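Let's take a walk through a structure together. Have the sequence and the 3D view open, and turn the view around as you read.

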Amino acid sequence: MAYVRWSRYFLPTWKEEPAEADLPSHVLMLRAGMIRPLAAGIYTYLPFGWRALRKVEAIVREEMDAIGGAELHMPVVHPAELWAKTGRLVDAGEILIRFQDRAGREMVLGPTHEEVVTDLARREIQSWRQLPLMLYQIQTKFRDEPRARGGLVRVREFTMKDGYSFHEDAADLDRYYPEVYRAYERIFRRCGLAPVPVEADPGLMGGSGSHEFMLPNDGGEDTFVRCTGCGYAANREGAVADKRSDPDEELRPLEEVATPGCDTIEEVASFLGVPPRRTAKAVFFRAGDRLAFVVIRGDLEVNEAKLARLLGTAELAPASEEEIAASGAVPGYASPIGISGPGVVIVVDDSIPGARNLVAGANKEGFHLRNVNFPRDFQASLVGDVALARDGDPCVRCGGTLRVRRGIELGHIFKLGTKYSQALGATFLDRAGQARPLVMGCYGIGIGRLLAAVIESHHDEEGIVWPASVTPFHALVTVLNPTAQPQLALATSIAAHLAQLGLDVLLDDRERTPGEKFHDAKLVGIPVLVVIGPRSLRKGEVEIERRRDGVRDVVSADLAAIQRSVGDLLRAEGG
RNA sequence: CGGAGAGUAGCGCAGCUUGGUCAGCGCGCAUGGUUCGGGACCAUGAGGUCGGCGGUUCAAAUCCGCCCUCUCCGACCA
């Protein structure tokens with residue numbers, strides 16, 4: 001294995017902070033010559049960044065192979081027709097970028113590959129004897145996200161490991177799913193990361209389970225909820241909080257009260273001198289061709305993801321004033337009492353049945369009702385949890401405190417069930433000779449995002465501090481004065497020797513001042529630095545420095561001693 | 001898509017309010033020289049249709065309009 005000479009490599013570093021970058025990983029990946037932007041959310045990986053990405057990939061590949069995965073490679077360009085068959089040509093919406101080929105055929109760039117892999121399975125899997133099967137790829141995806149952000153944390157074009165498992169029944173998927181879960185834990189641990197596994201919302205994907213691996217990070221693109229008491233953790237969309245019923249009290253009779261100009265909960269509550277949680281508010285959504293009239297305790301917010309799931313629809317949008325009025329409700333003073341209609345679904349959050357004598361709208365401009373009680377005064381089409389968990393809410397499991405945190409979603413695993421196999425007719429013959437749809441799981445990891453997360457977790461004020469497992473190079477050999485033949489010769493033989501041992505070695509043979517070379521070394525963050533300079537060389541020595549803490553070893557300038565020292569330091573880094 | 005901010009040399013920025021030696025600074029880059037252990041110094045030099053289009057004006061980086069791009073917050077996120 002050969003070493004790489006910096007003077008002939010392409011590793012352009014920046015001394016100054018780029019103005020456009022905010023997140024540490026984004027700043028450092030630009031400064032350390034790893035990536036360059038081409039357009040919003042679209043990046044070139046420069047050689048140094050690409051090396052790091054390949055290291056991460058290698059770990060992912062090893063762990064996927066270890067659980068029986070078979071790597072394949074599917075196309076980036078898909079016929080739109082295939083997406084139409086599963087309904088996602090519509091459901092995926094704007095993130096699915098579309099175009100026509102020269103013959104006018106509608107095509108898309110794949111944002112994910114359930115359709116393609118299921119189509120493949122449909123053609124190739126006929127018998128239970130071929131199951132279970134895990135196929136995966138590490139490949140480019142394109143999602144036309146409404147907002148790219150945070151460097152590689154959220155991009156439009158990205159490298160993703162996506163895996164798909166096929167099973168004869170749900171029980172076999174249930175058996176295999178934890179294996180993938182554990183493989184994911186190993187992958188992240190090997191990358192030096194400790195994400196929190198959170199229960200995720202299976203959403204409209206259906207299926208019986210899903211987990212996200214969230215790395216707590218204030219610059220993260222996602223939000224999750226975690227209990228400080230019991231470790232309960234969930235995606236924001238699915239997080240459940242304890243709503244604490246009110247103590248039982250006598251149901252008092254309805255009473256109309258004038259509340260002029262109070263068309264928000266805060267105004268009503270302060271006008272009447274009651275806390276917001278003693279009110280019921282009405283929130284309206286358009287759900288397809290129906291109007292959803294959501295009744296929820298006044299201090300809570302509606303979680304649209306939960307509502308969508310309860311209603312079984314993907315099309316959910318805030319209703320306009322006209323639509324609200326058309327249902328017979330008065331915006332600002334809407335009341336569930338007396339509302340009914342063929343197009344109206346009354347959804348009652350489960351905070352309402354446990355509450356007593358609430359203040360709610362009177363369906364009359366300027367008036368509210370006191371002592372509204374469910375179900376005495378109004379009925380519901382659906383009752384369920386549609387509330388957004390808030391920071392500080394009590395935990396449903398242990399009564400501890402929930403904390404809302406930002407995080408980077410490193411991976412997502414999913415029990416898909418038969419949604420795609422049914423839509424595409426991917427069936428097999430079971431042991432009884434019966435045709436059944438394949439039961440599927442899917443498992444994703446954003447490789448570039450994972451790389452960014454590594455840097456988020458492994459850097460200091462001066463630059464990246466690579467974990468040995470994913471560092472682009474294990475050792476950086478710096479010749480302070482490459483124009484001095486003996487120094488260069490020694491450095492070259494050290495680099496060659498270390499490379500021979502199987503290490504990835506970068507030789508900084510650039511004609512730069514020592515200061516620049518030391519600063520660049522810090523910036524690019526290679527774990528072990530071997531310094532060949534006149535000062536120590538006069539004593540027949542070289543210095544070996546560890547990036548993480550600056551610990552320095554001075555050894556005699558012979559290959560065996562250097563090899564030993566470098567080896568010791570790297571082993572201490574876990575590499 | 002809503003809110004906020006920004007586009008002037010490869011990078012970081014000043015100039016814009018008050019139109020007229022405002023095409024400038026620092027870093028970087030090139031050449032020569034002096035340096036050479038923690039982002040050196042001197043000299044010379046290259047590099048910009050001031051995001052684009054249109055308008056106002058004798059005159060526009062500067063004023064006006066439209067558009068494009070990028071960043072941040074939110075919405076969104078199989």
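Before we split anything up, a word on the word "domain": the bounds of the domains used here come from an automatic or database domain assignment. Keep in mind, too, that this is a predicted model.

With that in hand, look at how chain A is divided. Domain 1 takes in residues 34–239 + 404–455, domain 2 covers 255–384, and domain 3 covers 473–572. How far apart do the C-alpha centres of domain 1 and domain 2 lie? The answer is 38 Å.

For another feel for distance, pick out Thr264. You'll find Thr264 in the loop between β14 (255–258) and α7 (265–272). Its relative accessibility is 33%, so Thr264 counts as partly exposed. Now jump along the chain to Ser493, 229 residues away from Thr264: the C-alpha atoms of these two are separated by 76 Å.

Next, the aromatic rings. Searching the whole structure turns up 9 aromatic pairs. One of them is Tyr184 with Phe213, whose ring centres are 5.6 Å apart. Why is this pair called tilted? The planes of the two rings meet at 45°, and planes under 30 degrees apart would count as stacked while those over 60 would be edge-to-face, so this pair falls into the tilted group. The pair also ties together distant parts of the chain: Tyr184 belongs to helix α6 (residues 170–190) and Phe213 to strand β11 (residues 209–216), with their positions 29 residues apart.

Are Tyr184 and Phe213 buried or exposed? Tyr184 has 0% relative accessibility, so it counts as buried. Phe213 comes in at 1%, so Phe213 is buried as well. These two have company, since Tyr181, Tyr184, Phe188 and Phe213 form one aromatic cluster.

Another pair to find is Phe374 and Phe378. Their ring centres lie 5.2 Å apart and their planes are at 50°, so this pair is tilted too. Buried means under 20% relative accessible area, so Phe374, at 15%, is buried. Phe378, at 3%, also counts as buried.

Rings can have charged neighbours as well. Arg36 lies over the face of Trp14, 4.2 Å from the ring centre. Over at Phe367, Lys364 lies over the ring face, and here the distance to the ring centre is 4.6 Å.

Finally, turn to RNA strand B. It is surrounded by 39 residues, and the closest are Glu20, Arg143, Arg147, Met160 and Glu543. Of the atoms of RNA strand B that come within 4 Å of the protein, sugar and phosphate account for 47%. What kinds of residue make up the surface near the strand? By class, there are 13 nonpolar, 7 polar and 19 charged residues.

Several elements each supply at least two residues of that surface: β22 (402–417), α13 (514–524), α14 (534–537) and β31 (541–546). Which element gives the most? That's α13, with 7 residues.

Now zoom in on some individual contacts. A polar atom in the side chain of Glu20 lies 2.5 Å from a sugar or linking oxygen of RNA strand B. With Gly515, a polar backbone atom is 3.5 Å from a sugar or linking oxygen of the strand. Arg552 reaches a base: an N or O atom in its side chain is 2.9 Å from a base oxygen of RNA strand B.

Notes. Residues numbered from 1 in each chain as written. Chains lettered and ligands numbered in written order. Predicted model: local features only at pLDDT ≥ 70, side-chain atom pairs only at ≥ 80, totals over all residues. Heavy atoms only, no water. Phe/Tyr/Trp six-rings, centres within 6.5 Å; stacked < 30°, edge-to-face > 60°. Helix = DSSP H or I, 4+ residues; strand = E, 2+ residues; numbered from the N terminus. Buried < 20%, exposed > 50% of the residue type's maximum accessible area, 1.4 Å probe, protein only. Lys NZ or Arg CZ within 6 Å of the ring centre and 35° of its normal. Near = heavy atom within 4 Å. Polar contact = N/O pair within 3.5 Å; in protein donor to acceptor, adjacent residues only side chain to side chain. Nonpolar A, V, L, I, M, F, W, Y, C, P; charged D, E, K, R; others polar.
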